[in-house]
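Student: Could you show me how to read charged side chains in a model like this one? I would like the general idea each time, then the case at hand.

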Amino acid sequence: MSTFETGGAEAASGTRLTLDLWHPNCWAIEATERTSGGVLAHAIYNSPKTDADAPQSVNGLFTAFGDSQEEVEELLDAIRASDRAGDLLELQERFGRARNAPGNVVREFFLEYDPADMMCPTLLEHGFVHSAPVRIEGGSEEWQVCYVGERAEIRDSLDAVREASGAEVTVESVSASGSAGTTAREQRLDTLTPTQRDVYEHAREEGYYEWPRGASTRELADDLDVSKTTLLEHLRKAESKLLDP
């Protein structure tokens, strides 16, 4: 069994990231893109096959959630209709401990599907260990992961994931796994996305926050080869996170 509930011992160290991820051939991404509501992916169970020639498959434990019964029903119907989804078995009662799922209505179910459509093995292969249930909503997946390699290698590892799977991956946040030995400033910087941090650090190094200013926003934008509007957007978001008490 593979589980999304915990990343195991490796997740205790390294760098934690929140990834916004889209990948092809995913029944959950396709279903949530067409309907309201969302899916939490909890665990994957290997499906034993008595027939050696039968196609390989896995069973996953999921929670469908939405603001109403109608939204959840529509979502489940879209999943059943997918040619990438096998048998869907709804659970009559909540399975295991409370899931803390979002939404007003939740329904748990098992679903059989092709393991080749999973992103988990590719992420694990490149050092990203999942540490929480995966949330699929609005046609994309949110992964809470811990990177077990060196922080400087994260970008190359993400590029390898993209190349291997055809996935589109955006880093929503980065933070250190533990705060011991880090200053308050470092902890706040760790809440920035890589792009926000690059823009903020460049602005600081060029004297943008000094008086008089050592560089204008136009000059910073030219240095980074982005528009002034784009630079200001990243800079304002970075400042908002750094100043948020």
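Tutor: Gladly; let us start with Asp222, which lies in helix H7. Helices here are DSSP runs of H or I with at least four residues, strands are runs of E with at least two, and both are numbered from the N terminus. This is a predicted model, where local features need pLDDT of at least 70 and side-chain atom pairs count only at pLDDT 80 or more, while totals for chains, interfaces and linings use all residues. Residues are numbered from 1 along each chain as its sequence is written, and side-chain values use heavy atoms, with hydrogens and water left out.

Student: Is Asp222 buried or exposed?

Tutor: Asp222 is exposed, at 51% relative accessible area. Buried means under 20%, exposed over 50%, and partly exposed in between (1.4 Å probe, protein chains only).

Student: Which residues gather with Asp222 in the patch of negative charge?

Tutor: Glu205, Glu206, Glu219, Asp223 and Asp225 join Asp222 in that surface patch. Helix H7 (residues 217-224) supplies the largest share, 3 residues. A patch takes residues with over 30% relative accessible area and no salt bridge, joining like charges within 9 Å. Asp and Glu count as negative, Lys and Arg as positive, with His and the chain ends not counted; each charge is placed at CG of Asp, CD of Glu, NZ of Lys or CZ of Arg.

Student: How many salt bridges are there?

Tutor: Side chains of opposite charge can pair when their charged atoms come close. The rule asks for a side-chain nitrogen of Lys or Arg within 4 Å of a carboxyl oxygen of Asp or Glu, and the count comes to 12.

Student: Which parts does the Glu30 and Arg84 pair tie together?

Tutor: These two side chains meet at 3.5 Å, N to O. Glu30 sits in helix H1 (residues 27-34) and Arg84 in the loop between helix H2 (69-81) and strand E5 (85-90), so the salt bridge ties together parts 54 residues apart in sequence. Glu30 is partly exposed at 25%, and Arg84 is partly exposed at 29%.

Student: Where do Glu201 and Arg197 lie?

Tutor: Both are in helix H6 (residues 194-205), 4 residues apart, about one turn of the helix. Their salt bridge spans 4.0 Å, N to O. Glu201 counts as buried at 15%, whereas Arg197 is partly exposed at 25%.

Student: Which residues are linked in a network of salt bridges?

Tutor: Look for Glu73, Asp77, Arg80, Glu90 and Arg107, which are linked in this way.

Note on methods: Patches are made of residues with over 30% relative accessible area and no salt bridge: like charges are joined within 9 Å, nonpolar side chains (Val, Leu, Ile, Met, Phe, Trp, Tyr) within 5 Å. Accessible areas come from the Shrake-Rupley method with a 1.4 Å probe; for residues, only the protein chains shown count as cover.
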